[in-house]
Every structure is written in structure tokens, then in C-alpha cells.
Amino acid sequence: MLGTGLIQGLAVTAKNLVGSFHDPARYTTVEYPEVKQKLPEAYRNFPFLVAENAEDPMGTLRCVACLICEKECPPQCIYIVRERDAKGKVVTRPKVFDIDISVCMSCQICVEVCPFDAIKMDQEFEIATASRFDALLLKKEDLAKPNTYYHQIHPKEAAEVDAILAEQKAKAAATKAEAASKSEAAKATKPASATTPSPAAPRAEAPKPPPAA
Amino acid sequence: MSAAATTDAFLERAPQLLRDAVTGFLPEPWRWIVNGIIAIAVILAVFGLLFAFLTLAERKILGRVQNRPGPNRAPTPTLPFLKFLGKIRTYGLAQPFADGVKALTKEDVVPRDADKLLHFLAPVALLAFSILTFAVIPYGRHLVPLELDAAVLYFFAAGASTELAVFMAGWASRNKYSLLAAMRALAQLISYELPLLLSWVPVVMLAGTLSTTGIVEAQAGWKWGFIPHWHVLTPWGFCGFVIFMVSALAESNRSPFDLPEAESELIAGHLTEYSGFKYALFFMAEYFGMIALSGMAITLFLGGWRAPLPFLEFVPSYAWFAVKLITLLLGFIWIRATFPRLRMDQLTRFAWKFLVPLALINLGTTTVWSLMAGSTALQIARWPICLALVVVPFVVIGRTLSAGVAPRTYRYAAS
Amino acid sequence: MGPHHPSTHGVFRMVVTLDGETIVKLKPVFGYLHRNHEKLGENTSYLASMPYTDRLDYLSSMTNNWAYAIAVEKLAGQPVPERAEYVRVILAELTRLLNHTCLAGFLMQDCGCSGTPLMYAFREREYILDLFESLSGSRMMCNYQRFGGCRVDPSADWLAGAKKLTDRYGMFLDEFEALLTGNEIIMARTQGVGRLSPELAINAAVTGPMLRATGVNYDLRKVDGYGVYPRFDFRVPLGDHGDVYDRYMIRVLEMRESIKILQQAFAGLPAGPILDSKSKNRGLRPKAGEAYGRIEGPKGEIGFYLLSDGGANPLRYRVRPPSFINLTILEDMCLGHTVADAVIILGSVDIVLGEVDR
């Protein structure tokens, strides 16, 4: 019948109008900034560097400046310069670690490819700034945040990472202890031999893919 | 205004008493003049405020229909030493005033080649004619600003003059796009004048008078003690009311007939070259038109200031008028929230091929109704006859017009 | 009609020649959002191109990712575990719901409903976007598919939430249809407007709901049978007239079919790995060769053509953008209509400028 479609439409609108007063499904506005919505754990915004210790963030960064994230970053927004010691030899620490967040597209590939769980995604999004250039280049000091912060924002993930790292450390310690006892035994049986091949110094485990991020 | 009958309730006479208290001491010609000025001032103030809160109500209701709050952040104005005022939550009530301040302080841009006098006059004329129409609507038992014998004619004459101002606006801008848009808007307005006028001719026929107070008088009394004699509760009255409201929607450029003033896809509308306060005046005139037409619809069809049931007569008449007015205005907003726009040619086709024939047939229905007003048997018989005379043309003409348009069923691929 | 107009679907310009009110010539001008996507692809590794594909049709990032993943998997010969295939189907159908809901809202907005259907559509989209956020970390730029599977395994909680949403979606569609489909004004505005004949559609390489609205039975989910689609029982709706109303209704019907697919997928989701254990993502260097991977995206056939010379970056990277190809017949559809209709016709083509311009 003519006009019935129109009347049906009016009925739907009226239902929504009346429902908006008592049914939360029909009043879906979250009045930010007075009310903030809870973000899911997986939410990602810009990266940050994980530091083991909150008191000494610069000294306990997990990052060893392997340059993998710099290479894999699609828009090439990471800039790393390795630390060198007094003799010019490479030390496994970054001297400069800059991320240009005006270029970063929050794709999370740097987190995925990092073998050392050193860079993770932060959840801060209220970082608007009035300065166009300086404030948009985050340096090592701005990026470093402690592992406790990582636990706060991504509890499940942080727990998994900690478990894996602890396992790696335990394995490394076990291998080291085994190698040390072996070399002790070798020294004891062949004191004059200089051809005992000394076992290779225990290295960090081969890069394992990080847990589902 | 007519002299108050002393048998009315106090609330009913309150406006009169108030006015007499203020001007009662003045000598005769001055008293008449000052009474007139008071009436004008009251109408401007009341309907000005109503316009302001109507815009707010529209935005909030539109918001609620769309699952969101409307505007609720407008703060009260603060002074350096009264900062706490800004923290009070007004739930959006300060929004119309904030909008007013914005409109007043915006730069008034007039195109260099524009016809300056017409450019200035257009919004003024529009608003003036819109406000003139408020003079003959009876707001209460003793609250008619101007009692005219040909009040309805005056109302629609003033209302039709507003269309001139629309064209003035388009012409004065010296912009061929706004001229084209103004012509389209004018085409829409003229097309809908005819159903608008034809829809109240039956009312005047049966009431026997063009005077608005007379028409309200004709709707007095209750049938069987509880059904009021309002015109809308008769078949021809209902048809007339619906045609009137649809045409009122189109006359005030409201959705679903707002193509001339919506963000027109190519042409920016006849209001392109207006900014700031003049734009606000156009806006105000549109809403005043809406309010005035609603007021007239109430007078013609809904029994004016009359109460719907006898025991509710203790509520003053102007309160009833206000209730009915607000209901109609909310209906306008509800329709805006729901329906999409009609295209220009569909709009005009709807007016000429659907509304005008229905309105003309309605005249016939009213004649049948009034001729069958004799004995009780005839009075009972006229109901089904007039109902048929209203419904059958509606269905027939509607079916013919929407011939090519129907819900479809779809087939699925056979795999 | 300039790059910025109220019924904007992105920065898109139409140079329209009018005779009175009717259109006699229409030239679309685009390129305002060109971002060198294909050239960038030649200079970026295969994994690093994945987040760029999110930004093509930015409303349906999961399906863009999937098409690219299929292309690379073909090129490198990588298998995909079954659970990952099911999850991909689930996400693709959710994306289809997202996209078609968005279109329904915007088309109605173009018709002139002052925002009401748009708000309802976006209210429902928000629930799906929240799901995507809790799974992949981002609402729109998901960067979720990988070569050989998916990046994250959806948890049982997530699956339960998605299932609840799917079951509730039918109610929203019913309400939406009650509001709009029988509405006489919508029918008068959209029926008979922007007709497209099946022959012209096939000649112009139109794909997706626009093609099916003209009556041509061509849905890649049935034709190619990629992924695990052959296991699901769903129908392909076809239109008869090819006008705007048909395109709108086909999309609504496709949404209902998507709900059916989703329910079947949730029921049949197997346990297992989400990413093939031997899959290589970082530092992938496929052997020299070429591959074309395509899927039925919400807008049409989205395909990626990759040419590899054995290096870390593809030698040639080409996107087949459905919106761009569907736009080529805009002029033919708009001739003889008024400007108001042109806006609605453009809305029914369902373009996203990110894809048109790349």
C-alpha cells in the first residue's frame, strides 16, 4: 500500500528515539574526553623500546642495535647508529635510535621482526603537539620505557615474552655451565695439550620468532 | 483583543489582566497603540524564543534518533571573574545563543556586482512577511492580535509574499547558479501553494467564515460527550489536514522537500551569497514559516485553542494551543529525521499530479458531507460514503503515479 | 563538481556538461590521492608491502591483505594451514559486512536522509571495527595476513564475540530494511536511475556487486573457489535491471549471505596452526616468476600481479583496483540523468579513492 513504507520508516525512527533514553545499544556515544573507552590489549599506536630496569632505562635497553627493524620498516622511519667503544669496535647498544612518528604508520613490522623483544608497540595516542618538527622525532630517551610499563599495557604479551626470555636465559646458563664443566674436565685430563678445542662461547639463542603479537 | 468575559477562569484571563494593569491608565488612542505594541513585542519575544529552542530541539532530537546526544557542550558565557559559570553543564540549552552570537559576529560578505538594495532587502522582506502572518492566529480564547473578517485570506496572502523574497535573494546575488536555484525554489513554492490553499477551502465552506476566530468557534462542542468537533476528525478534514501538512512541509523548504536549500550538489542554492546575520534571518524566516503554518493548521483543523475533552477545560486555552503547536513541530522534526529528499521533478509531479487532484476531490467530499447533514440516518450514512470518497482516489491516483516503482524480489544464481 | 563536495566519497572530481538539468557529458578526474603505491612496491620488500595494501581500499583492509597474500603465496609456492583459511574467510566476510553497511549508509546520505541511516550503519560498523582492533591492533589498517597464514591466532573469546555479533547482525539488517527498502521515496529516487546493461558491464570489466546487479552471474568465490569457500553453502543474488536500487539491494542480500557463511565458518573452524611453520615472511626471496592472485573483495575483483626476479623486492607490482575499473563506465550510466542522480549513481558504484588513485 502506498505510504506504508514511509510509516514503517517513521516507526523505526521513533523506536530509536525512545530507545536512546533507556537502551544503551541505542545511545552509543562515549563522551570523550570526560569518559574514556577501554582500549583492547592488542591496540597499537607507535613503538617504544623496552628497558629491563625502570631506574636505569638507558643502560638496560634490550635493543642490541642489530638494525633488523631499520631494514624492515616499510616507510623507513627508524634511524639507528650503533655504539662504538673507545677503540672503534661495535658495542651491542644503540647510540642513536630515532623514530620519526610523522612517518611511522604503526604497521608493527618492527615488533614482528625484532629477535630480542626489544621494541614493542605503545598505546599512547593523546600525543598531539604544537611543534611540527622537533616533537615528532622521538629519540632513544623518549622511546625507552620500562618492562613494568610493558606489563601494564600488554599484560598477556609481556608475560609471554618474559617467559620466553627467562627460558632462553636458563638454556643459555645451562649451556654455559655444561661448557664450563666440559672445559674443566678437558683441562683436568689433558693439561699439556693445547689443541683442545675450546667450546664456542655461549651465544644468545638463534633468533626465534617472537610470540604472537 | 476582545474584552475578557468575567466568567472565565483566572489563568485564562491572566494575560489580559496583566496587560490592563500596565496600560489601563493610558488615555484612549494611546492605550490602543500601546496595546498593539505590546502584542507585537510579545509575539516577537515568544516566537523568537520558540525559534531558538526549536533549532536546539531539532538538533537534539535528530541526534537522539541517530543514537547520539545532540549539542551538549555549549557553555554559558563567562567573564574573567565569573569563570565558574563556564563549568555549568547546560545540556545544550546555551547552544542557540551561541549560534546567535556566531551569526551576529560573522563577516557580512556582499558580492561586488550584487544589487545592493535587493541583496539587503531580501532577508528583511522574507522575515517581515513571515512575521506578518502571525497576526491573525488565535493563540487563546482572547488572544488574537488582530481580528479580521478575512483573516485566512490575509494569512495566505502574506505567506505567499515570502516567495517573492526568495527570488529577490537569488536575483540580487548576480550569480547565475543562485539564480537558477532560486527559480527552482520558486517553482517548488508555487507548485505547493495550490494544494495548500485548496486544502482549507472545505473548512471555510463548512465554517461559513474566513475569520480565524469564527473557524475555531465552529469547532466547538463534543459529540457524545467526548469526541470533539474538530475538523481533523472527519474524513474530509483528515484528508485536508494531511494535504495541508505536506504542503506546509514543502512551503517551508523542510525535508523531504528541501532540495533548494540542502547542500545542493552542483548549485549551492539561492542562499550562497549570504553570510552571517542575513543567513540567520533566512533561517529564522524558514522556521517562522513553519511555526505560522503549524499554527494555522491547528486553527483550521485541530480546533485551535480548544481542549480535546470537556473535563480538561481547566487548562488555559493558550496552553492547549502550545501543546498542539509543539506536537506539530515535533512531527516536522520526526519527518526530517526519517525521509530522504525528493528530486525536483518528482517534487513538482507529486504536487500537481497527486495533491491537487486529491484536494479538488476533497472539495467534492466536503460538499457531500455538508449536504448530508440532515437527519441522524444521513449523518451516519455520510461517514462511509465520505471515507470511500477520500480513500479510493488516494489509492487510484497513488497507484497510477507509482506505476514503475515497486519493491522487487531478487533471484539467486543457480549453483 | 569539484574535489570537495558534500557527498564526497574521497577527493574526486567530475567535470559535468549540462543541457538544462540533464547531463550530456561527464568526465571523471581523479588522481588527487595518488601515492605511488605500485612504484613503492617495487622498492619495498614483500613483507613490507603488506601494510601498504591496507591503505588501498582503506575500508576493507583484511581483504586487500588476503589478495596480496594469495599472490605472494602463489609466487613463492607457500601452503596455508586450514585454520588460517577459515579465519581468513571469517575476516573477509566481516569485511564485506563492514563495506556494504558503509555503502548503504552513504548511499542513503546521498539520497538526502539527514544522517539517520548513516548513523545506524556506522553504529553497527563500530562493533566489527572493535573486533578487528582487539584482534589485530588496529581498526582499519590491520596488516594481519601473512604469507602462509595469519599473524595472530584469534582467541576463543574473540571468536565468541564475533559469533554473537554475527547472530545479532540479522536484526540490524531487518531494522535497516524496515527503514529504507520499502520507503517509497527511496524507490522513486533510485529505481530506473543509472541503468547498466550486462553487455556493457562485461565489456568494461566491471566486477563485484555492480556486475551481479545487472544479472551476470560472476562471483569469484564460486568461480575460482579460492580458500575454503567451496565448503560453504551460500547463494549469489542477481539483479535484473542494473540500476541503483538493484545495486543497493544486491549488497543488502549479499550481507545476509555473508552472515550465513560466517555462521558456517564459526561452526566448522578447525584447530591447528595459524601460520604455516615453514612459511617465510621476512626476507622472502621468491624464485623468478609471476603470479596473479585475486579474490572477491567487497567492491569487486581485487587482484595483485607480482613479477619476481629472485630479489627481495618485486620487479613489478601491479594492483587491479575494482573501484577504478568500475568507475570507467560512470559517464555511460549518468547520461540523461540530472546532477542529483549523478551523485547517487556515483554513490552506488561504491568507490574508495585510496583504491582508485592508489
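Which residue of β5(C) does R411(B) stand opposite? The views below come from a predicted model, and the first one gives the answer.

**View 1. A strand of chain B teams up with a strand of chain C.** Here R411(B) sits across from L238(C), a residue of β5(C). The strand on the chain B side is β3, residues 411-412, and two bridges tie it to β5(C). The two strands run antiparallel. As background, strands of a sheet pair through backbone hydrogen bonds, and they can do so either parallel or antiparallel.

**View 2. The contact between chains B and C.** Pull back a little and the rest of this contact comes into frame: 36 residues from chain C face 30 residues from chain B. On the chain C side, the elements that put in two or more residues are α4 (82-111), α5 (116-136), α7 (184-190), β5 (237-238), α11 (244-268) and α14 (339-349). Which of them gives the most? That's α7(C), with six residues. Sorted by class, the chain C side holds 18 nonpolar, 13 polar and five charged residues.

**View 3. The contact between chains A and B.** Chain A brings 12 residues to this one, and chain B brings 13. The chain A side breaks down into five nonpolar residues, six polar ones and one charged one.

**View 4. A three-stranded sheet in chain A.** Go across this open sheet and you meet the strands in the order β4-β1-β6, with mixed pairing. β4 (119-121) and β6 (144-146) of chain A are the edge strands; each has a single partner strand, so one side of each has no neighbour in the sheet. Ignoring direction, neighbouring strands here are turned by 50° against each other on average. For a closer look, pick out β1 of chain A, residues 47-51, which pairs with β4(A) through three bridges in the antiparallel sense. One spot to find is P47(A), whose bridge partner in β4(A) is M121(A).

**View 5. A hairpin in chain C.** β1 (residues 13-19) and β2 (residues 22-29) of chain C run antiparallel and are joined by seven bridges. Along the way, T17(C) stands opposite K25(C) of β2(C). Two residues lie between the strands of this hairpin, and G20(C) takes a positive phi near 75°.

**View 6. Two helices of chain C packed together.** The axes of α4(C) and α14(C) are 9 Å apart, and the helices pack at an angle of about 180°. Angles over 145 degrees count as roughly antiparallel, and α4(C) and α14(C) are therefore roughly antiparallel to each other. From α4(C), look for F106(C), L107(C), D110(C) and C111(C); they meet V343(C), I344(C), G347(C) and S348(C) of α14(C). The residues in this contact split into five nonpolar, two polar and one charged. Both helices also turned up in View 2, since α4 and α14 of chain C are among the elements on the side that touches chain B.

**View 7. Chain C as a whole.** To put the close-ups of this chain in context: chain C has 15 helices and eight strands. Its radius of gyration is 20 Å, close to the 21 Å that the globule rule gives for 358 residues, so chain C is as compact as a globular protein of that length. Along the principal axes, the C-alpha atoms of chain C fill a box of roughly 65 × 45 × 35 Å. Of the 358 residues of chain C, 58% count as buried. Among chain C contacts with a separation of 6 or more, 74% come from residues 24 or more positions apart.

Terms used
Residues numbered from 1 in each chain as written. Chains lettered and ligands numbered in written order. Predicted model: local features only at pLDDT ≥ 70, side-chain atom pairs only at ≥ 80, totals over all residues. Pairing = 2+ DSSP bridges. Helix = DSSP H or I, 4+ residues; strand = E, 2+ residues; numbered from the N terminus. Axes fitted to C-alpha atoms, helices over the stretch in contact; angles between N-to-C directions. Contact = placed C-beta atoms within 7 Å. Nonpolar A, V, L, I, M, F, W, Y, C, P; charged D, E, K, R; others polar. Parallel < 35°, antiparallel > 145°, perpendicular 65-115°, else oblique. Rg over C-alpha atoms; globule rule 2.2 N^0.38 Å. Buried ≥ 20, exposed ≤ 12 C-beta atoms within 10 Å, placed from the backbone.
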